[in-house]
Amino acid sequence: MAKLSNDAAFVEFKRVQKSYDGENLVVKDLNLSMPKGEFLTMLGPSGSGKTTCLMMLAGFETATHGDILLDGQSINNIPPHKRGIGMVFQNYALFPHMTVAENLAFPLEVRKIGKSEREKKVMRALDMVQMGEFGGRRPAQLSGGQQQRIALARALVFEPELVLMDEPLGALDKQLREHMQFEITRLAHELGITTVYVTHDQTEALTMSDRVAVFDDGRIQQLAPPDELYEAPGNSFVAQFIGENNTLEGVVTKISGNHCVVTLDNGEEIDAMPVNVTHAGERTKVSIRPERVEFNKERLHEDAHTLKAEVKEFIYMGDIFRFRLSVAGNDDFIVKTRNAPDAVKLKPGEIINIGWLAEDCRALDA
Ligand SMILES: Nc1ncnc2c1ncn2[C@@H]1O[C@H](COP(=O)(O)OP(=O)(O)OP(=O)(O)O)[C@@H](O)[C@H]1O
Ligand SMILES: [Mg+2]
């Protein structure tokens, strides 16, 4: 079978649907195309269909409709042992009767790799997950986090072309987790491994990935590089799911080009950029990031709208200050400022004016 060129899709979901019970779709019309070497993360609430997508891609579940292609071939037509997929699943099942080293050597034996080469690769994989000393233990003699690291090493030891990882770092503490995040992305890029990664941790998703697919309700809500996802969320769900976000609700009252005025439910007006609204009279949820709120009026457009805000809480976080404000009936409006020499420490009870550039405030679906 002819290999596809580099820029062609290596993994492809084409109009994929999945139902377990023949009634409810847990994956709905999923389309996804990944080039070789890409690191893609699926991020989304529990039950949104992430693991189901990985299971279908691995060939353990079949799609109810649509097609999944690996290097141009339907996954259904590639026998499991020829798929060359490394996997770490949520329940990381190691072979209980084998030692750690035997667990890692197993995928290499299957691939007929000689003994000395095998030993070298096993040692390297163990070192990568900081488990070099544990080769002789059995899985039952390891902690949960240690087992998870062995499962990770086993998925990578044979340098597969495609790796699927479902919450592979869930059981690790922050420091080890950050170290492993770095190791995984380094290795994936170095070996040109195509990776589909699932996590609940959005910082992990943003820092590790080339692109992130935000899942909700069996659909990809947005598929974009991390910076685009954070700075230009395409709908209200993504805006609220990724990063910290302030939401205000109202009705579009004026709209022209890339500026609109939204009249909030308490009657106050704000400036926004129309994203998912097209005409006056439409209800909208506007989204504004905490670091884009300005309380120095001089830095705003002279005819910019401002809102009265009451300071509810001041939180000193070292590098940044975090304020909780009451704005237009929302008592949970967050503002962040850098701890710069001229930064103001507002006190609870103070009344201030806040505003923003229209392009920093996105008028999304209601
Ligand atoms: N084997 C199964 N039989 C029936 N329903 C299933 C099965 N596996 C998953 N589901 C259902 O399919 C939906 C999607 O599940 P899935 O495991 O893909 O979610 P997920 O996004 O991985 O969630 P989590 O973040 O909690 O792991 C859920 O409603 C789940 O209950
Ligand atoms: Mg899951």
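Strand 6 and strand 7, the latter made of residues 162-166, run parallel and are joined by four bridges. The model in which they appear is a predicted one. Within this pairing, Ile 85 of strand 6 stands opposite Leu 162 in strand 7. Strand 6 covers residues 85-88, and its side chains alternate: Ile 85 and Met 87 point one way, while Gly 86 and Val 88 point the other way. Are these residues buried or exposed? All four are buried.

Strand 7 also contains Leu 164, and this residue leads into the interior. Leu 164 touches Ile 85 and Met 87, and it also touches Leu 54, Leu 57, Ala 58 and Val 196; residues up to four places away in sequence are left out of this list. Leu 164 is among the residues with the most contacts inside the largest nonpolar core, together with Leu 57, Ala 153, Val 214, Val 286 and Ala 363. In total, this core has 94 residues. In soluble globular proteins, nonpolar side chains tend to be buried together.

Which element gives the core its largest share? That is helix 4, residues 144-156, which supplies six residues. The core is not confined to one domain: at least three of its residues come from domain 1 (9-231), and at least three from domain 2 (244-365).

The next stop is a barrel. Five strands close into it in the order 11-12-13-19-14, with mixed pairing. On average, neighbouring strands of this sheet are turned by 55° against each other, if direction is ignored. One of the pairings in the barrel can be followed in detail. Strand 14 (residues 283-288) and strand 19 (residues 361-365) are antiparallel and share five bridges. Here Ile 288 stands opposite Cys 361, which lies in strand 19.

A further sheet stays open. It has four strands in the order 17-16-15-18, and their pairing is antiparallel. Which strands form its edges? They are strand 17 (330-338) and strand 18 (351-354), each of which pairs on one side only. Neighbouring strands of this open sheet are turned by 45° against each other on average, again with direction ignored.

At one end of the order, strand 18 pairs with strand 15, which spans residues 307-316. These two strands run antiparallel, and four bridges join them. Which residue of strand 18 is the bridge partner of Lys 308? The partner is Asn 353.

Key:
Residues are numbered from 1 along each chain as its sequence is written. Chains are lettered from A and ligands numbered from 1 in the order in which they are written. This is a predicted model: local features need pLDDT of at least 70, side-chain atom pairs count only at pLDDT 80 or more; totals for chains, interfaces and linings use all residues. Two strands pair if DSSP finds at least two bridges between them. Axes are lines fitted to C-alpha atoms, for helices over the stretch in contact, and angles run from 0 to 180 degrees between N-to-C directions. A nonpolar core is a set of buried Ala, Val, Leu, Ile, Met, Phe, Trp, Tyr and Cys residues joined through C-beta atoms within 7 Å. A residue is buried if 20 or more other C-beta atoms lie within 10 Å of its own, exposed if 12 or fewer, and partly exposed in between; C-beta atoms are placed from the backbone. Domain bounds come from an automatic or database domain assignment. Two residues are in contact if their C-beta atoms, placed from the backbone, lie within 7 Å.
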